[in-house]
Amino acid sequence: MSARIPETHVDQNELGCFLVLAEELHFGRTATRLHLSRARVSQLIQRLERRVGAPLFTRTSRRVALTGLGSRLRDDLEPHYRGIEDALARAVASARTTAGVLHVGFSTPLAGEMVMKATEKLRTTCPGLAVEVCEVPLCDPYGMLRKGDFDLQLTDFPVREDDLTRGPTLLTEDRVLAVAAGHPLAGRNTVTLEDLAGVPLLTIAGDIPEYWLEHQLPTRTPSGRPIERGPSITSLQEALTLVAGGKGVVLAGAHTAFYHSRPGVSYVPVEGDKPLRYGLTWRSGGGNRTIELFGAVAREIARGMAPAGPGRTTPG
């Protein structure tokens, strides 16, 4: 019987899944980052291992580790895979610029309102430029920008990514704490970050930079007391559903009380906290005239935006 010859044609889904699992070494976290089920992650890895002809990972009930072959494949594959992704992103960005289409992401309703106002103004001043708008996933704040699905996005700061460039702060706003209507904190006029030591704070699942997560959802109060972690969420609607059900509380921008008023949830202003900041972010080296044009209009729009909801929303 002749030896089996491994299949070597490229499957981008398998390779992408392999690289993420090689980084995370955890099937659950890999599934979350890729927005797949654990079963699908296992299927992709097993298919790649059959294609290679040998195991790439060792798996036990406690840990996942790369085999020697898996480590070599990761080191050989990663720069080429990232290079292909970067090349495609540049091609997509170039094609969109040539076609006169600008794709803009927004992270919150407040950011979305500002993006839409800028879009309406550009329709009048630059009728040859089409602007398409889409929401940035809460669980993956930079993934679509990196892939070229967005040319730029208006999102929450901070942004400390080596491959991304951030513009100046355009808007700032205070924060509120969303709590169940019957919660003891719901009757307060204000709360402070110290009050978070006594309640589970919902967190965000997904490919989230640690510095961003700590800024948005701190693990300790200013005095150093630990803040209990509540369930993980992937969207604001999911968060507010859990808040209404008494599963935890969530920190959000003050505009949330205006855009997401709902039964069972109370919003209490947070006192003594640093304001949230919003601005434009784009791929480093990917700037062009249309991005500069949108930024200029966005700055003009920001200066005229009025406060929304409790707390403060002002131009940056």
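**Salt bridges, sheets and cores in a predicted chain**

Glu 300 comes out as partly exposed, with a relative accessible area of 40%. In this text, buried means under 20% relative accessible area, exposed means over 50%, and partly exposed is what falls in between (1.4 Å probe, protein chains only). The model is predicted, so local features need pLDDT of at least 70 and side-chain atom pairs count only at pLDDT 80 or more, while totals for chains, interfaces and linings use all residues. Residues are numbered from 1 along each chain as its sequence is written, and side-chain values use heavy atoms, with hydrogens and water left out.

Back to Glu 300: its side chain meets that of Lys 121 in a salt bridge, at 3.5 Å from N to O. Lys 121 sits in helix H5 (residues 109-125) and Glu 300 in helix H10 (residues 289-304), so the pair ties together parts that are 179 residues apart in sequence. Like its partner, Lys 121 is partly exposed, with a relative accessible area of 30%. A salt bridge here is a side-chain nitrogen of Lys or Arg within 4 Å of a carboxyl oxygen of Asp or Glu, and a search of the whole structure turns up 17 of them. Another one joins Glu 24 to Arg 29, with the closest N and O atoms 3.0 Å apart. Glu 24 is buried, at 19% relative accessible area, whereas Arg 29 is partly exposed, at 41%. Both belong to a network of salt bridges that links Glu 23, Glu 24, Arg 29 and Arg 33.

Now for the overall layout. The protein chain has 10 helices and 13 strands; helices (H or I, at least four residues) and strands (E, at least two) are DSSP runs, numbered from the N terminus. Of the 316 residues in the chain, 47% are buried.

Helix H2 (residues 27-34) shows what burial looks like up close: Phe 27, Gly 28, Thr 30, Ala 31 and Arg 33 are buried there. These residues pack against helix H1 (12-24), helix H3 (38-52), strand E1 (57-59) and strand E2 (64-66). Just after H2 comes His 35, which takes a positive phi of about 60° and is found in the loop between H2 and H3. His 35 counts as partly exposed, at 47% relative accessibility. Leaving aside neighbours within four places in sequence, His 35 is in contact (heavy atoms within 4.5 Å) with Cys 139 and Asp 140. His 35 and Cys 139 are 104 residues apart along the chain, yet their C-alpha atoms are separated by 9.2 Å.

Next come the sheets. Strands of a sheet pair through backbone hydrogen bonds, either parallel or antiparallel. Two strands are said to pair if DSSP finds at least two bridges between them. One open sheet has 3 strands in the order E10-E7-E11, with antiparallel pairing. Its edge strands are E10 (250-253) and E11 (265-269), each pairing on one side only. The twist averages 35° from one strand to the next. Strand E7 (residues 175-180) is joined to E11 over 5 bridges, and Ala 180 stands opposite Val 265 in E11. Helix H8 (residues 236-244) lies across E7, E10 and E11, at about 50° to E7; axes are lines fitted to C-alpha atoms, for helices over the stretch in contact, and angles run from 0 to 180 degrees between N-to-C directions.

What about strand E12 (residues 276-283)? Here 6 of the 8 residues are buried, so E12 is largely enclosed by the rest of the structure. E12 runs antiparallel to strand E5 (residues 152-156), with 5 bridges between them, and pairs in the antiparallel sense with strand E6 (residues 164-173) over 7 bridges. Leu 152 stands opposite Trp 282, while Leu 171 has Tyr 278 as its bridge partner.

Finally, the cores. In soluble globular proteins, nonpolar side chains tend to be buried together. A nonpolar core is a set of buried Ala, Val, Leu, Ile, Met, Phe, Trp, Tyr and Cys residues joined through side-chain atoms within 4.5 Å. The largest one has 39 residues, and Leu 177, Leu 196 and Leu 251 have the most contacts inside it. E7 gives the most to this core, with 4 residues. Beyond four places in sequence, Leu 177 touches residues including Leu 185, Val 191, Leu 196, Leu 251 and Tyr 267. Apart from this core lies another, of 26 residues, among them Ala 111, Met 114, Leu 171 and Leu 276.
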